[in-house]
Amino acid sequence: MSSETDALEELAALPTLAHPTVSPDGERVAYYYDVTGRNELHVLDIETGETERWSDGEVPRNARWFLRWSADGERVFFHDDEAGDEQNDVRAIDADGTVETVVESEGQNSLRDVDPGGEFVVVGSSRDGQMNCYRHAVDGESVAKLTDYDRAVWQPTLSPDGERLAYSTNETDDYDNRDVYVASVESLSTDGPAGGPDDASDARNLEIGEVGAEAVVVDWDPDGERLLVSDNTDDLSRCGVYDLTDDSVTWLGDGGAEEHPECFGADGDRVVATRTRRAATVPVVYDLATGEGRELDLPEGVADFGMAGRSVIDADRILLTHTTPTRRPDLLAYDLADDETETLVAAEYGPFSPDDFADAEYFTFDSNGIPETDAEAVAHDPYETLEIGALLYDSGERPSPLVVTPHGGPRARDSKAFDLYTQVLVQQGYAVLQVNYRGSTGRGREFVEELYDDWGGAEQGDVAVGLETVLADREWVDDDRVAVFGGSYGGYSAYWQLVQYPSLYDAGVAWIGLTDLEAMYEETMPHFRTELMEKYLGTPEENPDLYRERSPITHADNLAAPLFVLHGVNDRRVPVSQARLFRDRLTELGYEEGEGADFEYRELGEEGHASSDIDQKKRTFRLLVDFLDRRV
């Protein structure tokens, strides 16, 4: 690299593969790839290795939303929004680049499944308010609302013959509950939607697990007699096979680790799952005849089977991506019979190699949610002491500035995967700390629920304790050059760290973050309102003091370090009003805006809740690095 700027540009330009999915005949893989500098749809012939590009600018620049094949394998469905606003329409493209609209309506539309007979698709949509399911004829001639629940409907999945629909939702008074239902598509289409006031469908709650736990359906077996499900009644999520003929569940594994089901094998005699271990995601295959499971032979890292895509290639092979902190994602065909791995699409590195990237050091520390640093916004009594996991990336700079990057979600976690934002910071000489605070995934339901009714509480204390641990144990970290940077809920964390523990930080970047929780509740999409805000915090009417107290805007006058506010103008998850409200509050308090002033502010046009577009990534990286270099 001739300069740090060149390194940043080269990193941002590394091509990214997204949403691979296997065709119905198992012979091809469709995926997004931006090797041309723009996101395009590519189709790979698995046998020959030849790749054909189907699109030429017809698909979205942002690869956030996934792909599905048509039943005949002649077309690929994709989601199309307006400049990143996630209010998707569904379109189909064929090998000639011809695009047709399949679903066009208000709200967020998400293609969930395709009728094996090719007559209709099942779409999740918020067009009427809450996220429910709709049956759309592929020819566009008819639409039927299949479900009408007050709570969001998740993962609707069609049986192999297209006659039944399995899905998850909640009809109980326990807000944390989620159940699995099965209904005939005909009854849902003709007798009125399930969950409606005059429910005439045959929708049946399978009553998996206890009320208050979460049961989810993932896949049907090839015969349509069994469902692949998960449940976290016993705290750690487990995989099970539900037999619809006798209403029994066979649970897999020994319950010693969090596991999530991925798919049945082609013959229905195996189940593929993923196991969480520390910060790694390990693929596991279970033999249903014996119940025995084994981990697949891959280096420690993160295996991913895609979002809503098909992973089964044939009787023995499955499709997955695999990555480590220093290796970018490779697209692999894994043979379950002999543990042989074929690389279908190797990750590109441009002028870099894996040796140029920083590896992640995984470590743990004990936290009671109360750091030694004084809390300036909200005082808390000590919480239960828990072991918290974290990842530390060393840039090699001595002494090294440090950027703390709390993850989003909040129901998510940082893992041993290649993280472009982290490696950009490392290349610029910053060490990076990621903390999987209480509320993160991978540790079970009880660990997730530690965050309920406590945003801005113990989880933020965990982040601060993690930082204090690093400053105490790593002499090479410069405690006079510490910044915090996060997006989405990580953006909320960045705001909160700066107003709760202002003496810890020398600068902060809050990207697409929440600042006013009541305004967020009123303005976000309906399913984020119920499944995020209400599930974690109740409603503003029920808990007005909590909403006010845990909003960073309430404590804006504690800001003592330079802050950079970044937000996409088309964000529908966390509306740009969240950034504008905080900016206006700072101005009211007498803070000055501008380069080198108390805070800097930038709205990102043509962008929603982050972007995967290369040019937009370059812009964000330049803004981030420029601010940190000037202020840290």
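A residue counts as buried when its relative accessible area is under 20%. Keep that cut-off at hand for the exercises below, and remember that the model is predicted.

**Exercise 1. Decide whether Tyr492 and Tyr489 are buried or exposed, then work out how their rings are arranged.**

Solution. Start with Tyr492: its relative accessibility is 0%. That lies under the 20% limit, so Tyr492 is buried. Next take Tyr489, which is buried as well because its relative accessibility is 2%. Now place the two residues: both belong to helix α6 (residues 489-500), and 3 residues, about one turn of the helix, separate them. Finally, look at the rings. Their centres are 5.1 Å apart and their planes differ by 35°. Planes under 30 degrees apart would count as stacked and those over 60 as edge-to-face, and this pair is tilted.

**Exercise 2. Find the cluster of ring pairs that includes Tyr489 and Tyr492.**

Solution. Follow the ring pairs through the model: besides Tyr489 and Tyr492, the cluster takes in Tyr437, Tyr452, Trp455, Trp496 and Tyr536. For the wider picture, the structure holds 24 aromatic pairs.

**Exercise 3. Describe the aromatic pair of Tyr167 and Tyr181, and say which parts of the chain it ties together.**

Solution. Begin with the geometry: the ring centres lie 5.6 Å apart, with 5° between the planes, and the pair is stacked. Then locate the partners. Tyr167 is in strand β14 (residues 164-169) and Tyr181 is in strand β15 (residues 179-184), so the pair joins parts that are 14 residues apart in sequence. To finish, check accessibility: Tyr167 is buried at 0% relative accessible area, and Tyr181 is buried at 3%.

**Exercise 4. Map the surroundings of Gln460.**

Solution. First, find Gln460 in helix α5 (residues 458-473). Second, note that Gln460 is buried, with a relative accessible area of 0%. Third, look at the side chain, which makes a polar contact of 3.0 Å with the side chain of Glu459. Fourth, set aside neighbours within four places in sequence; Gln460 is then in contact with Tyr489, Tyr492, Ser493, Trp496, Gln497 and Tyr501. You have met some of these already: Tyr489, Tyr492 and Trp496 are among the members of the ring cluster.

**Exercise 5. Which rings have the charged ends of Arg127 and Arg474 sitting over them?**

Solution. Take Arg127 to begin with: its charged end sits over the ring of Tyr134, 4.1 Å from the centre. Turn then to Arg474, whose charged end sits over the ring of Phe363, at 4.7 Å from the centre.

Definitions and conventions: Residues numbered from 1 in each chain as written. Predicted model: local features only at pLDDT ≥ 70, side-chain atom pairs only at ≥ 80, totals over all residues. Heavy atoms only, no water. Helix = DSSP H or I, 4+ residues; strand = E, 2+ residues; numbered from the N terminus. Buried < 20%, exposed > 50% of the residue type's maximum accessible area, 1.4 Å probe, protein only. Polar contact = N/O pair within 3.5 Å; in protein donor to acceptor, adjacent residues only side chain to side chain. Contact = heavy atoms within 4.5 Å. Phe/Tyr/Trp six-rings, centres within 6.5 Å; stacked < 30°, edge-to-face > 60°. Lys NZ or Arg CZ within 6 Å of the ring centre and 35° of its normal.
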